[in-house]
Structures are given as C-alpha cells and as structure tokens.
2 protein chains.
Amino acid sequence: MYPPQVLAIFFAVATAIEALSSPLPHPLDPLSPTELTAVRSAVLASSLVSSRPISFHYVGLDEPEKADVLSPTNGSILPRRAFVIARAGGLSHEFYVDITNTSAPLVVSHGIHGGPGFPMFTTEEQVAAGRLSREYPPLKESLRRRGLAFTDVGCGVFSMGWFGKVNEARRLAKVQCFVVAGGTANFYARPLEGVTLLVDLEKLVIVGYRDRAVYSVPKAEGTDYRAGKAGPPFNGPVPAPGVVVQPEGKGFHIDGHIVRWANWEFHVGFDMRAGTVISMASVHDSDADLWRRVLYRGFVSEIFVPYMDPEEEWYFHTFMDAGEYGLGVSAVQLQPGADCPANAAYMDGYYIDADGKPVKSENIICVFERYAGDVAWRHTGVAGPIAPITEVRPEVTLVVRMVVTVGNYDYTLDWEFKTVGSIKTVVSLSGILEMKATNYTHIDQIRDDIHGTLVAENTIGVYHDHFITYHLDLDIDGNKNSFIKNTVVPKRNTGVPATGGAPTPRRSYWTVLSEVAETEAEGQVNINDTPADLLFVNLSKKTKVGNEVGYRLIPAGATATSLLTDDDYPQRRASYTKKQVWVTSYNKSDKWTSGLYAEQSTGDDNLAAWSKRNRRIKDEDIVLWYTVGLHHLPCQEDFPVMPTISGAFELRPYNFFERNPLIRIRPPGNSPNCSCSVGGSG
Amino acid sequence: MYPPQVLAIFFAVATAIEALSSPLPHPLDPLSPTELTAVRSAVLASSLVSSRPISFHYVGLDEPEKADVLSPTNGSILPRRAFVIARAGGLSHEFYVDITNTSAPLVVSHGIHGGPGFPMFTTEEQVAAGRLSREYPPLKESLRRRGLAFTDVGCGVFSMGWFGKVNEARRLAKVQCFVVAGGTANFYARPLEGVTLLVDLEKLVIVGYRDRAVYSVPKAEGTDYRAGKAGPPFNGPVPAPGVVVQPEGKGFHIDGHIVRWANWEFHVGFDMRAGTVISMASVHDSDADLWRRVLYRGFVSEIFVPYMDPEEEWYFHTFMDAGEYGLGVSAVQLQPGADCPANAAYMDGYYIDADGKPVKSENIICVFERYAGDVAWRHTGVAGPIAPITEVRPEVTLVVRMVVTVGNYDYTLDWEFKTVGSIKTVVSLSGILEMKATNYTHIDQIRDDIHGTLVAENTIGVYHDHFITYHLDLDIDGNKNSFIKNTVVPKRNTGVPATGGAPTPRRSYWTVLSEVAETEAEGQVNINDTPADLLFVNLSKKTKVGNEVGYRLIPAGATATSLLTDDDYPQRRASYTKKQVWVTSYNKSDKWTSGLYAEQSTGDDNLAAWSKRNRRIKDEDIVLWYTVGLHHLPCQEDFPVMPTISGAFELRPYNFFERNPLIRIRPPGNSPNCSCSVGGSG
C-alpha cells in the first residue's frame, strides 16, 4: 500500500479533485481534448519540422512503462505523453510529446520513418481525393459513355496495398466510385465497375487512371435499407416489445474511465487506431478477499479483410481496417434502444483531425448489463431416498460495446465480463457487402468463376475473409506468465498401471500432454491442427492442491486461417493470419500486428516478424495475440444489408480460483433463501 | 388448401372443439395421460405376453407416416399409435398399440427383440438396485473396513456397456456407491472408490462384487452447493437485479403444442427418450407471403459421455444418456426466475413409470423471448457529401428450453429461433463432475497419469467427452433435399481469365468447390478437416437469380470428435462420433443414433451402421445428424458444481430468401419512423 505521507497527499488531492467534481485521472486515460490541443501546439511550434502543410495522421497515448503503471509505491503522478505520426514534406514524422503540463507541452523526441509503409489515412484526404476524382476529365468521359454525370457518382479511397514495388517518394492510393444517384442510400450496391483511379494523396493530383471495361450498373430498386425507403409494406416479423428493467438501478459504476461491476474492475480507454482499450482488468476473489489481475491491456490490433477476386479492380482489396483507416476514427455513434439497450450508459471518445484539432465522438462506447435468461450454474439432485434438491443461479453479464463502421462493414465489438471470471470477446459483423457489378442476371448464364455469389441481378457478393486480431496482455496474478498447451492425446490401454493403463477390457482413452512453450516459436498455434486446451498460467502461483493458476482460451466458432500463399503480397503483410494464436514476449512497442506503418507495409514489422526474434516466453511477461477468422461466402440474405453473424472467444479461469467462484451467491430474489427442495420427476 | 367439404367438416369440428376450450389435436402431439393409460390397458390385456411381471421401459408416439402428416388433402383424423418396449420373461417385447379410440385400444402388432442390447432403465429398478446393493453383506463388510455403515452410503446404477461378451439371458448393470452421510448433498464428490457391484436387474439379485482397493473418502467440507450450506458468508459477486418487462405482453402464442411467434410456427412435442421434439417448423417469407417449411422434426438423439480412465471402476463409464436413462425421463422441473426468466411460459410432459402408469412432469419445457441487447442488422452510412444515415434493428429471439439432469450432469438444451430465419441449438453443461477418490492431496505427490485433474484434496475430476447428437430432419421447402459441401479451395492466380485468374500482381485467392453428395458415404464430414460451408438445399427451388434455396449449418465451437480407437468397445457402440456431420436417407425408424436398444448395444444398429447402406441422398428426403462435441479437462472452478459452459450450432438461411428477411421491419419504437440521419463522426 502507499506510505502514510503519500496517502495524505493523495487524499488531499482527491478531496480537491472531488470538490471539482472530476474523477481521478488514471495513467492509462486516453488523451483529453486539452491534451490533444497541447500536442498540436507543441508539434506546430517545434522547429524540428519546417515543411508545411503538416497533417496529423495519428495521435495516441504513449502510455507509461508498465512497471510504473503497476507499481504501488509510486505515489507521484506519472508523466503524460503522446505519440504522434504526422506527414510533412513527403515524410512520416514521429514525435513524442510530453503534455504532463498542458500549458507547457514539450516535444521530447522526433524522428523520421525510414522504411516502407505509411500511417493511416486522414478523413480529410479521403474526402478530398473522392471529390477530386469525380471531377477528373477522363472519369467524366467514362461516365458519359455509361450514361452518367459526375454528379451521379461518389468516389472513395481504397488502400492499394503493396505488390512488390515500394512507394517512398509518393503516397498513393486507389480510388473507386459508386453510383449515388438513383434514390438509394446504398451506393455499395451500385459500384462503377471497371474504373480505377490512382491518386497522390499529398499533392492531391490524379496520377493514374484505368477504365478497363464497362459493366451494367445494378439497379437501385431493392437496395435501400432506410426505413422510409425499404417499406412500406413493413411486413417483416415483429416481436413483442421488451425492455430490461433494473428496479435498483444499474449495477455498475463508471468513475472517469474506471468501470466497477460485480466482481470486476477495469479501465476503458480509447485510441484512434484500436478503438476501445480495456486495461487493468482485475477480478475479485471472494474466498481470498483479494483483487487479482487478469488482463493488463486488451484491444483489437488489426482487422484484415482480403477479397478473393484477382481482377484489376479487386486484387488489391486487402484492407487493414485499423492500420489504414483507424477503428477509433471509424467508431460510430451508438443508437440507444437499438445498438445498446435502454439500460446502457455511454462514453465519448476524442481523437484528432488532419489539422491536429480535437474531434469529439459522442456515445461511441456503451456499457450495459445483459439479462439473457442464461444460467450461471445449476444442479437438481435427485437420488432415491434423498428429497430432490434444486439450486439454480441465473447469469448476468456486463457488456462494453463499440461499433466500428469502415466503409461498408459494421463491426460490433464487444467485451463481455462474466461473474464466473471470464472475459468474452465477440465480433458481430453486419453492414453492407462489397459488391461487384456484373452483366450476369442469372446463374444459368455463368460459366466462369465469378469469385463470389450472385446475390441479385448484376450483383456479385465477392468472397472474402475477415481476420480480427486481438492484443491480449494477460497478466495472471502478476506479469510473469507462461503459455501451456494441454494436448489431448489418444492412448492405447496397455493394461499396465505403470504406463497409465489397467487390466480391463477398455482398449483406449485419451490423456493430456502438457507442454510449456519456451520461446516464441513454440508460442504459435493453429488450433484446428490438434485438440488442445491452451492456457496462460503463472508457474509461481499455485492453488492449495498444487495446480498452477491460469486462464484458458476457448474459441467459439470463427477459427478460420488465411489460405493465401505465403509468397502472396497481402499474405506477406498479414503473415500472422496463418495461425490463430501467437504468444510473444512483452515489448511496449509491439502493439500493431500489421506494423506501425500498416498502409502499404511489406510485412517486415508485423507480428510474425517480431516472433522471429524467438524470445523466451516461459515465466516472462508475455502477450497473447488471438485472431477470430471467418471465410465469408455471401448469400442473398446478405443483400442489401447483412444480418449479423458473430464469432467469439472466451478467456476463462482455469485453476485460477480454488473452486467455483459463484458457489457463495444467494439464489435469485424470488426463491426462498435456502436450498429449494421441490418435488421433481421420478 | 383443403377442398370445401373438408373445410366445412374441419370448421365444424374446430368449433366444437373450441367450445370445449381445448386446443386442436395435432398428429405429432405427445401421448396424453389418457392415451398412455389406454396403452397400458391394451398391453396388459393382451394375451401375447403371458409372463409377469411386465415392466414398461419405453412408451412413445409412433408418429404417422410423414406423407400423411404433411398431406394437405387428408382431412380425416390420422390414427394415434404408440410404440412400446416392455420387459417380461427375460425378453424385450415390442408393441404397436392403436389408441385412436382410447376407450378401445388395440395391440396391432407384437414382436420380440432378438439381438443384443436392452431398452432404457426404469427409475424403479435403479432405485431398487441401489437399495439392494447397500444392504449386500460383502458391501457392509467393505464399508466396515472403511469406518462406514450402510446407512452412510447410497448406491446407483451405472450402465455396464458392452465389452465383447453379449448378455442375453440376463440383464445386468453395475452399481457404485457414494457416501451420503456427512452433511453434504453433493455425494458425487464423495465416491466410495474401489467398490463395484454387479446386479441382475430383473431378478433383483447381486451377482457380482469387487472391492479392489481402499481409497480415502474426500471430505464433505466445501462440497455442498445448497444455498443454506455453501454460505454464509455469501461473499460472491452480486449483480443488480434486472428483469425483462414486456409492456404489451408476450409476443408468442401457445395453442396446445403449437407455438407461434414473429415469423415462426412450430410444434413442441415430448418423448421420454429424446426430451423436447421440435416439429413442423416453418418460417414466414414476408416478401412471398408464404409459410415455408424448414424442419420436419428435430430432437436430441443421443448424449454419449465416455470417461477416460481405464481403471476397473471407470472403464465402463461410457454413458448413453438418452438410450440408457432417457432424456425426457430425466427432465427436471424448471425454476421460474432462475432456469427461465420471468417472462417465460411453461409446458408439462407425460411419460410412464415401470408399471405403465402415466407420470406428470411439470414445467419441464419453458418458452421465452430473449432481449439480450444484440443487433439483428445495422449500418451507418458515412460518405463525404452525403449526410450520415444510421439504421439499426435490435434482435429478439425465442428460446424453447429443457433441462435434463442425468445423475450428476445438468444439460440445458435450448432451441433458439431467430427472426432472420435461423434455428440455433445450444447445449449448456452444468451440474457436478464425476469424481474419483484418490489418496493424493497435492500435485507434488503424483507421478503417474491420474486421468484427470486434482480438483480438491483426494478428488480427481476425471477427463471425459460429451457428444450431443441431434436428429434434424430438415425439409427445405419440401422433402426432397440435397447435401452440398462448398469447400473453400486455395488457388494460384494463373493470370488467365479462362482459368479464373487475371493479369494482376495478386498471386493467390480462394474459391469454392461445390459438391453435391450422391450417397450416404459422401454425406459424412469431419468439419475440422477442411474449411467448407455445409448446406441443405432444394435443387428444385431456386431464387429469381438462380441460386438453390437452402440452409447452412454453422458450428459455434464444440467441434470435438471422439479419439477412442475404432476397435474400442464404446467406440464401436458410438462409432458415429468420429464425424460431426452425417446425412442419411429418411427412414422413419432411424431415430436413435445409438440404436433402438442402446443399453449394452454392440453398434450394429447405430447411425454409422445404417449409413453403410450407402443409400442415395441426392434430391431425396434426407436427414442431418449433427454432433456437438467437447473434450472436458476439468479444473478447480468445476468444483463443487461447474459453471455453465456451452456449445452450439446454427441452421441459417442460405439463399432461402430473395434478400435479408428483416429489411422490411420498422426501427425500434423510440426512433423516428424513418431513416435516422444523425451527426456522425468524421
């Protein structure tokens, strides 16, 4: 605990702050608008970069060293720092800015990125490139040939990826267009197929243009998803209205960025690239009366979405939604009673625009308790002479949700906390398919591989994958953890006890081969290979009977891995997608699986590349990287907007507690406050 | 539709019935108490079986021929029939009984089972065998040696399985005991290890006894799960109370056994072996204004739970919970506000006791609408010049639940209906582990393979598997369906359009190889082998653009297959557990994957055996058999009662609808009744 003098200061400060009605700052809090403004001032005032204009592509918290954040003896306030990537003079500039005193911010270091790749796009340049493109005379000519005017289309930036040639002198991007006229909001259903532009984002000039072929533009009818346009008639299914009511109010408390609920406490942060960041998640062990750490930091590190059409207009659709577009930037305002239920609370986020000025994103995170009607544990004891006994404990969970819309796709990203001690992450996909225009109006006309499904006349839903990779810095009861693979191994019954067998007619069984990963090479697992339980354990902490405390990783569907060849360019950039599980030695700068400069990266700074260092991961501060993967073969139900489909995984206690942590909770309110002996069947 | 004369009769009958305030009978309704009583009378009055006593082991609906149930021109009432398996004179007797007129029931056929295997146990014989066992003098002696009295223990029947020798003359079972004295209700935590009895269930005499070794009995302290005994202190996590409130009441209607909700209509039946039976599930296609069939009949066919300890007392723990014990018989009374939420409705079930008399099982099925706060579909449209548009539709689902407690384990078996047209089945496991007593009190003492986890002092949670196999007679828009495997196949970009490529720098992609299974051999799939979408389609029904209408099978975790060797006896009995997916040609008597006589079966009549017939399954009436499989490596949190862990799969429309079936529903009540243009980010 803190020494008395520090405590005195702490309480004085706390009182002062409470008097101001502000929550206590936390070292992992995201940068505030005041801090963001200070960062901008410092960068613009700095003489280190003379070129103008200067555009801000990333500003995020450079969090303090982990040891300082966790150290209970450090009573002083930790410095506040920002990391900045800005473009000026055709170069990517990196700044570390100290904003501990926002009135006197200070650039503490500056560097220039020397390798391949670029930072994420700014919203402004995407808009500017789109506007520029549709006024481009060759495009206007192409449109005229298709019976369209430039006012009928809208254009957007598509990352071009890297296909062997490194652009260093210029920062280019591809641009493609959609027909926006025609009365539908769903322009993704009406692509201007066959036309691709190449734009220099910094000079804001078109440097390439190709109109390869003319295709029919799919009709607007039937594509709109707006309520006022999709019907009438509104003849779809209508369930009865229902709402969760909490007679004693919400069960969680949000204090600044700290959330407390049931036996969980954690910090909710925000980053313009990662979106929601969960930090310092600890669970209360009621038997030991101790708060025990589970997760130091967790966030989505990248979303890789490669499309499976090698055609000119599609081959480079190999998006890295976090590194190229920014998940935090793409977070959308949550609709109460729709995105989140009535009993939710909301949090805002702040990031910067291209000018470095703070932008407020309202209601982009919601927190709510879920009463899904599930059961936490139950047993009905029925045995001859003993009166039947029934004990049931219903389950209530806490969901922290963000929705990220990157162009066409809407990702609902949930962190769900359970009282059993689990953290379950769920990715739910909805929104609009990327669609390709075609002249085909019926399957019978098709003889070749259309690389997708004909979902409507003239419309192909192109095959693609989603790989959502999580950074999960688990700290099970402390920093030093190990990664254990408990492989399920079939065995023949030798009949001999000394070799695990017994003299019985049983011929086989399975047992467990438990292996601790020594180095990063052993920390890579394709979970579809062999059946195994995967654990993060603390070898120095054991239960009373001697089991190492740990957490287990439980996938729930969505375990696809990439099928692209290792030498294919997008696969080289996202090479880590061949395995769902990676475990690395903690290194503060290892945050982004696609590399710091993901846009047009070459894969030299990605998760797989770091792992080649083959660092020691046994009894070390280690990080789990887990990828939820789906192969998407579209169907007509995905048109014009797709119904939600989910993939998930759960991090669940495994010998972390001495026993079921929910054994000492009362039965639900309406039951008698004792075991329920009710007449059962039989 | 029905011809006018039949309609007139129909309405007359309907009016008469309504006047009686009874729901219309349905040909798939489970047997009523009156019908069960009539069955008993007929069997007992029959001269076909003279031996007494006669014990009833199974009585279930022998449903009418599928064609008769589905035929819209058959206005007359279909006959009501029961299938009975009764034991008398050391033989298994089969009866078909006509109870169309319950005042004059008639045995229409009788047969004697000539092969191996026996019907499910009766509750009465299990209780009798347990009582008999604990009074057995050698057991009393064994107990005395362990410092116990016979009143300190309770004994129960454990199926002995088949290990090479077929018992035909006698129907034997193993019996094992637990210490019930000591103040805990959790006797499964206190096994009397080392002792096994062999009982003749029909003569009710002990015919074998082995006391192989003495082991410590785990202490009672810490094992109880009753609220009054697990605490105080009640220091576990306490979420705030919450309840789903439906201001306009429930959205579903139950009419007899027919459930109608949103765009779903289905029949809920009950069987003493299968538990809940979902029949005639149809979804309403709002665009076509048609009810379309999806599932003719669905139920759990078997739950196979093999344990992985070859020791004398454990090698035969290879349970078939449906075929040996009966899931319907084992269904427990659901606790309102705990097993099912406050807005649930309940249904009863009826089965027979060993004497053939009807037994009422109250509140064993519940139906409720779930408001989990999830989203059915959403999109936020953000594009430069266009004002942001947000459309969100929250998801509400309908759950039909039963809890089956077979000894120690509690299975919550859910059928969840979604308005998107999906049927999702969820298996949630809770209850108590099967535990083995050991002299070990700490891991450090252990040098050999204990075939499990030391979950507490002197207590091993033995490794085991669960395989829950579903019978799913999908009828997509009619009986004649086909099974399609859409394999995801990696491809090199040839650069040549004629071979699917394009002259671009992209080196690889994946495409889909679509194969229709011709015969049952091709209908067997291990889904962990290669990535593929599995579909049930109707080759004769296509969407407007030509896609075959179908449903897709989507696993959600829990895809383990059995690792026992093919020649191992339990694996021969449950040989179908090597693959999650089987597709067979519909055959009314193919209901029980473990065979009609599962208890001590030899595998000759199981799902894998039928499939050797290699019948044609292309464009035929076919059935899907899907197994949810889990390898369970217990942990301390599973003690003394395990927190719920789930496995699931979803049957979801795939080109079944022309487009998203939920596109024509209004936004939720609180939103304006039009598209929501709200200021978004960026």
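## Reading a two-chain model

Chain A and chain B bury about 14,500 Å² between them, and 58% of that area is on carbon and sulfur atoms. This is a predicted model.

Student: How do I read the contact between the two chains? How many residues of chain A are in contact with chain B?

Tutor: Take the buried area together with the residue and salt-bridge counts. Here 179 residues of chain A are in contact with 179 residues of chain B. There are also 14 salt bridges between chain A and chain B. If you want one salt bridge to look at, try the side chains of D567(B) and R507(A), which meet at 3.7 Å, N to O.

Student: Okay, now the inside. Which residues have the most contacts inside the largest nonpolar core?

Tutor: General idea to begin with: in soluble globular proteins, nonpolar side chains tend to be buried together. In this model the largest nonpolar core has 314 residues, and the ones with the most contacts inside it are F417(A) and F417(B). Zoom in on F417(A), leaving out residues up to four places away in sequence: F417(A) touches W261(A), W264(A), F266(A), I278(A), A281(A), T397(A), L398(A), V400(A), S422(A) and I423(A). Apart from that core lies another, of 15 residues, among them Y509(A), Y654(A), Y463(B) and C635(B).

Student: How is chain A divided into domains?

Tutor: Into three pieces of numbering, one of them split up. Domain 1 covers 23-112, domain 2 covers 123-230, and domain 3 is put together from 252-375, 391-477, 522-534 and 541-654. For comparison with a record, UniProt, in an unreviewed entry, places "domain: Copper amine oxidase N3-terminal" at residues 119-216 of chain A. That span is 21% helix and 28% strand, and its end C-alpha atoms lie 36 Å apart.

Student: How much area do domain 2 of chain A and domain 3 of chain A bury between them?

Tutor: About 3,100 Å², with 56% of it on carbon and sulfur atoms. W162(A), F163(A) and Y188(A) supply 25% of the area that domain 2 of chain A buries against domain 3 of chain A, more than any other three residues. By contacts, 35 residues of domain 2 of chain A meet 37 residues of domain 3 of chain A. The C-alpha centres of these two domains lie 29 Å apart.

Student: And what is the count of salt bridges between domain 2 of chain A and domain 3 of chain A?

Tutor: The count is 4. While you're looking at charged pairs, find E312(A) and R210(A), whose side chains meet in a salt bridge at 3.4 Å, N to O.

Student: Let's try single residues. Is Y409(A) buried or exposed?

Tutor: Read the relative accessible area against the cut-off: under 20% is buried and over 50% is exposed. Y409(A) has a relative accessible area of 3%, so it is buried. Y409(A) is found in strand β21 of chain A, residues 409-418. An unreviewed UniProt entry places the feature "modified residue: 2',4',5'-topaquinone" at Y409(A). Beyond its neighbours within four places in sequence, the contacts of Y409(A) include Y307(A), H464(A), H466(A), H632(A) and M642(A).

Student: Where is F150(A), to set beside that?

Tutor: F150(A) is in the loop between α5 (137-145) and β5 (153-158) of chain A. Its relative accessible area is 27%, so F150(A) counts as partly exposed. Setting aside neighbours within four places in sequence, F150(A) is in contact with R134(A), E135(A), K140(A) and L143(A). For a sense of distance, F150(A) and P505(A) are 80 Å apart in space, C-alpha to C-alpha, and 355 residues apart in sequence.

Student: What about the backbone? Which peptide bonds are cis?

Tutor: The background is that most residues other than glycine have a negative phi, and most peptide bonds are trans. Two cis cases to look up: one runs from G231(A) to P232(A), with omega near 5°, and another joins R52(B) and P53(B), with omega about 0°. P232(A) sits in the loop between α6 (227-230) and β9 (243-245) of chain A, and P53(B) in the loop between α2 (33-45) and β1 (54-61) of chain B.

Student: What is phi for N458(B)?

Tutor: Near 60°, a positive value in a residue other than glycine. N458(B) is in the loop between β24 (452-456) and β25 (459-462) of chain B, and it is buried, with a relative accessible area of 12%. D477(B) also has a positive phi, about 55°, although it is not a glycine. Look for D477(B) in the loop between β26 (464-474) and β27 (480-492) of chain B; with a relative accessible area of 16%, D477(B) is buried.

Terms used: Residues are numbered from 1 along each chain as its sequence is written. Chains are lettered from A and ligands numbered from 1 in the order in which they are written. This is a predicted model: local features need pLDDT of at least 70, side-chain atom pairs count only at pLDDT 80 or more; totals for chains, interfaces and linings use all residues. Side-chain values use heavy atoms; hydrogens and water are left out. A nonpolar core is a set of buried Ala, Val, Leu, Ile, Met, Phe, Trp, Tyr and Cys residues joined through side-chain atoms within 4.5 Å. Buried means under 20% relative accessible area, exposed over 50%, partly exposed in between (1.4 Å probe, protein chains only). Contact means heavy atoms within 4.5 Å. UniProt positions are given in the numbering used here, feature names are shortened, and annotations may be inferred rather than shown by experiment. Helices (H or I, at least four residues) and strands (E, at least two) are DSSP runs, numbered from the N terminus. Domain bounds come from an automatic or database domain assignment. Buried area is the accessible area (1.4 Å probe) that two parts lose on being put together, summed over both.
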